[in-house]
Amino acid sequence: KTETLGRQLIAGLPADGTRVTVTIPAGQIGNTEPLQIVSERWYAPDLQLTVLSKRSDPRTGEIVSQLTNVSRAEPPATLFEVPADFQVTPQARGPRFPGRAGATQ
């Protein structure tokens, strides 16, 4: 069963929610009672990624993964600048081996 949960703010971002419920009937995998596995996903279209996911399975427990500390600000330009003390040094040439392209004998 799939349900649309609408739109909510998750971690400050508008996100669309979906819940999928799968029921494993009693006796199908050795279980005496029906098992319900519920997965919930909140997707932020602006960032094109999942900001919150939850999975509840009686066999393994609950797993929650959430994006936090989201900053939509531009990163500082200094992160992309070449350091002032950066130098290009020539690389040493290694030995040439016979049988390889460009090798000398």
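These legends walk through several close-up views of a predicted model.

**View 1. Five strands line up in an open sheet.**
The order across the sheet is S1-S2-S3-S4-S5, and the pairing is antiparallel. S1 and strand S5 (61-66) stand at the edges with a single partner strand each, so one side of each is left without a neighbour in the sheet. On average, neighbouring strands are turned by 15 degrees against each other, direction ignored. As a reminder for browsing this view, strands of a sheet pair through backbone hydrogen bonds, either parallel or antiparallel.

**View 2. Strands S1 and S2 make a hairpin.**
Here you can follow strand S1 (residues 2-10) and strand S2 (residues 13-24), which run antiparallel and are joined by eight bridges. One pair to look for is Thr4, which stands opposite Thr18 in S2. Two residues lie between the strands of this hairpin. What is the phi of Ala11? Ala11 has a phi near 55 degrees, a positive value in a residue other than glycine. Ala11 sits in the loop between S1 and S2, and with a relative accessible area of 35% Ala11 is partly exposed.

**View 3. Thr21 is a buried residue of strand S2.**
Thr21 belongs to strand S2. Its relative accessibility is 12%, and Thr21 therefore counts as buried, the cut-off being under 20% relative accessible area. Which residues does Thr21 touch, leaving aside residues up to four places away in sequence? The contacts of Thr21 are Lys1, Glu3, Gln36, Ile37 and Val38. While you look along the strand, keep in mind that in a regular strand the side chains alternate between the two faces of the sheet.

**View 4. Strands S3 and S4 pair, with Gln48 in the loop between them.**
Strand S3 (residues 35-44) meets strand S4 (residues 49-57) in the antiparallel sense, over seven bridges. Ala44 has Leu49 in S4 as its bridge partner. In the loop between S3 and S4 you will find Gln48. Although Gln48 is not a glycine, its phi is positive, at about 55 degrees. Is Gln48 buried or exposed? Gln48 counts as exposed, at 61% relative accessibility.

**View 5. A salt bridge links Asp46 and Arg72.**
Six salt bridges turn up in a search of the whole structure, and the one shown here joins Asp46 to Arg72, with the closest N and O atoms 3.7 Å apart. The pair links distant parts of the chain, 26 residues apart: Asp46 lies in the loop between S3 and S4, and Arg72 lies in the segment after S5. Asp46 counts as exposed at 52% relative accessibility. Arg72 also counts as exposed, at 53%.

**View 6. Asp57 forms salt bridges with Arg55 and with Arg59.**
How buried or exposed is Asp57? With a relative accessibility of 3%, Asp57 counts as buried. In its salt bridge with Arg55, the closest N and O atoms are 3.6 Å apart. Arg55 is partly exposed, at a relative accessible area of 37%. In the salt bridge of Asp57 with Arg59, the closest N and O atoms are 2.8 Å apart. Arg59 is partly exposed as well, at 48%. Elsewhere, Glu3, Arg19 and Glu40 are joined into one network by salt bridges that share partners.

**View 7. Leu49, Leu67 and Val70 form a nonpolar patch on the surface.**
Together these three residues, Leu49, Leu67 and Val70, have about 180 Å² of accessible area. Leu49 may be familiar from View 4, as the bridge partner of Ala44. Val70 comes in the segment after S5. Val70 is partly exposed, with a relative accessible area of 30%.

Notes. Residues are numbered from 1 along each chain as its sequence is written. This is a predicted model: local features need pLDDT of at least 70, side-chain atom pairs count only at pLDDT 80 or more; totals for chains, interfaces and linings use all residues. Side-chain values use heavy atoms; hydrogens and water are left out. Two strands pair if DSSP finds at least two bridges between them. Axes are lines fitted to C-alpha atoms, for helices over the stretch in contact, and angles run from 0 to 180 degrees between N-to-C directions. Patches are made of residues with over 30% relative accessible area and no salt bridge: like charges are joined within 9 Å, nonpolar side chains (Val, Leu, Ile, Met, Phe, Trp, Tyr) within 5 Å. Accessible areas come from the Shrake-Rupley method with a 1.4 Å probe; for residues, only the protein chains shown count as cover. A salt bridge is a side-chain nitrogen of Lys or Arg within 4 Å of a carboxyl oxygen of Asp or Glu. Buried means under 20% relative accessible area, exposed over 50%, partly exposed in between (1.4 Å probe, protein chains only). Contact means heavy atoms within 4.5 Å.
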